[in-house]
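I opened my notebook to look through this model, one topic at a time. My entries follow in the order I made them.

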Amino acid sequence: MTRTAPPTPIRGTAAGLTALSAHTADETCLEARDITRRFPLGGGLLRGMLGGSVARSIQAVDGVSVRIRRGETFSLVGESGCGKSTLARIVAGLDAPSSGTIRFADARLPGHRIQMIFQDPYASLNPRYRVGTTIAEPIRFQKLLPAKAVVPRVHELLRQVGLAPADAAKFPHEFSGGQRQRVSIARALAGNPTFLICDEPTSALDVSVQAQILNLLRRLQHELGLTCLFISHNLAVINYVSHDVGVMYLGRLVEVAPTRVLFDAPKHPYTQLLLAALPRLETRARERAPISGEIASPLDPPSGCAFHPRCPHAYARCREERPELHDEPDGSRVACHAIAERRIPVSIVSARVAAHA
Ligand code: SF4
């Protein structure tokens with residue numbers, strides 16, 4: 001999948017810039033401004049079953065702005081249904097935003113290409129084709145090389161992802177899950193991407209295989225100078241691969257920070273609870289602090305701060321006024337009234353998280 005179309009015109013609002021950090025223009029690879037995605041609800045029967053009070057559409061992504069530096073990885077983390085995969089599909093060009101803009105700094109350059117790696121390798125591998133044919137497809141389709149150079153390039157790509165040239169003759173079902181993900185990475189690289197979107201690329205794999213694939217992705221990013229948008233619900237994975245992290249809750253960014261800052265001093269109560277729920281080798285299961293309550297329905301989102309029904313620090317303002325991202329001195333951006341008003345001292349917050357870890 002390749003996206004070379006020129007950027008769409010600006011329709012976003014100034015308020016949507018609140019998540020953008022202070023990158024200089026020339027180091028920015030991707031700038032997403034005030035992205036919103038609404039999915040209209042079905043016909044009268046579905047709406048009737050859901051009740052008359054629900055919205056006419058589901059707000060899957062709500063005013064998200066992100067800027068990613070060239071050669072770095074920006075990760076989105078959040079529970080299932082928070083909108084991170086919808087945002088990834090919009091960045092990939094597989095879906096269109098209801099409003100907002102996506103701009104790639106190199107969109108007009110001939111070498112600019114986006115590729116996506118999915119959780120399920122079968123999404124990009126045709127079970128009836130030998131993998132050599134599948135990997136060669138983007139090279140042939142985009143006429144990236146003369147015909148006689150295609151097979152040597154496929155062999156080179158297989159070696160690059162830790163497989164053998166002879167594997168080109170095999171079918172997808174002849175590989176293990178981890179090997180299939182290596183094949184889908186080789187296919188993504190075949191299109192010579194400059195920007196890679198990884199949507200939960202390891203969550204269907206065994207833990208030991210996950211580490212191998214993450215190491216492979218990190219090595220390839222370093223060698224090829226790729227810029228990445230990485231999607232995961234797993235904070236340990238995010239910590240390993242990311243330069244910056246955006247935490248999403250119910251379609252909105254609630255915290256954006258450099259990875260080290262986020263893990264050393266998480267500020268938003270949701271981020272703190274996600275981190276406190278992280279399994280650690282030295283922590284017995286019953287000592288962990290699972291996040292209480294269910295994520296609210298996007299059909300009927302809570303008023304004010306959408307996290308308030310689950311937040312241990314919620315107070316009256318939280319139920320009435322939606323918090324916007326504000327700057328913190330350590331470079332993070334947080335959408336929380338209690339943090340902005342210093343009702344929760346960050347040092348106390350971090351100590352609580354440390355006590356859980
Ligand atoms: Fe909790 Fe209020 Fe902050 Fe939302 S704004 S995270 S409810 S303290």
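**Entry 1: the core.** I looked up the largest nonpolar core in this predicted model. This core has 83 residues. Val-91, Ala-186 and Tyr-249 have the most contacts inside it. Where does the core lie with respect to domain 1 and domain 2? Domain 1 (14-248) and domain 2 (261-356) both give residues to the core, so it lies between them.

I then picked Val-91 and listed what it touches. Leaving out residues up to four places away in sequence, I found Leu-30, Ala-32, Ile-102, Ile-197 and Leu-229.

**Entry 2: the whole chain.** I checked the totals next. The chain has 357 residues, and 41% of them count as buried. Its secondary structure comes to 12 helices and 11 strands. I also looked at contacts between residues at least 6 apart in sequence. Of these, 69% join residues at least 24 apart.

**Entry 3: strands 1 and 2.** I followed strand 2, residues 57-69. In this strand 10 of the 13 residues are buried, so the rest of the structure largely encloses it. Strand 2 pairs with strand 1 (residues 28-40) in the antiparallel sense, over 9 bridges. Across this pair, I noted Glu-31 opposite Arg-67. I reminded myself that side chains in a regular strand alternate between the two faces of the sheet.

**Entry 4: the open sheet.** I traced an open sheet of 8 strands. The order is 5-6-7-3-8-9-11-10, and the pairing is mixed. Which strands stand at the edges? They are strand 5 (114-117) and strand 10 (326-327). Each has a single partner strand, so one side of each is left without a neighbour in the sheet.

I zoomed in on strand 10. Strand 10 pairs with strand 11 (residues 333-334) in the antiparallel sense, over 2 bridges. Here Asp-327 stands opposite Arg-333.

**Entry 5: helix 4.** I asked which residues of helix 4 (residues 150-160) are buried. They are Val-154, Leu-157 and Leu-158. These residues cover an arc of only 100° around the axis, which puts them on the same side of helix 4. They pack against helix 3 (131-141) and helix 5 (177-190). After helix 4 comes Gly-162, with a positive phi near 85°.

**Entry 6: positive phi outside glycine.** I first wrote down the background: most residues other than glycine have a negative phi. Then I looked at two residues that go the other way.

- Lys-143 is not a glycine, yet its phi is positive, about 50°. I found Lys-143 in the loop between helix 3 and helix 4. Is Lys-143 buried or exposed? Lys-143 is exposed, because it has 8 other C-beta atoms within 10 Å, and exposed means 12 or fewer.
- Arg-342 has a positive phi near 55° and is also not a glycine. I placed Arg-342 in the loop between helix 11 (337-340) and helix 12 (346-356). Arg-342 is exposed too, with 8 other C-beta atoms within 10 Å.

**Entry 7: Ala-314.** I ended with a loop residue. Ala-314 is found between helix 9 (269-276) and helix 10 (316-320). It counts as partly exposed because it has 18 C-beta neighbours inside 10 Å. The buried class starts at 20. How far is Ala-314 from Pro-269 in space? The two are 9.6 Å apart, C-alpha to C-alpha, and 45 residues apart in sequence.

Conventions. Residues numbered from 1 in each chain as written. Predicted model: local features only at pLDDT ≥ 70, side-chain atom pairs only at ≥ 80, totals over all residues. Helix = DSSP H or I, 4+ residues; strand = E, 2+ residues; numbered from the N terminus. Arc of directions from axis to C-beta. Contact = placed C-beta atoms within 7 Å. Pairing = 2+ DSSP bridges. Core = buried A, V, L, I, M, F, W, Y, C linked by C-beta atoms within 7 Å. Domains from an automatic or database assignment.
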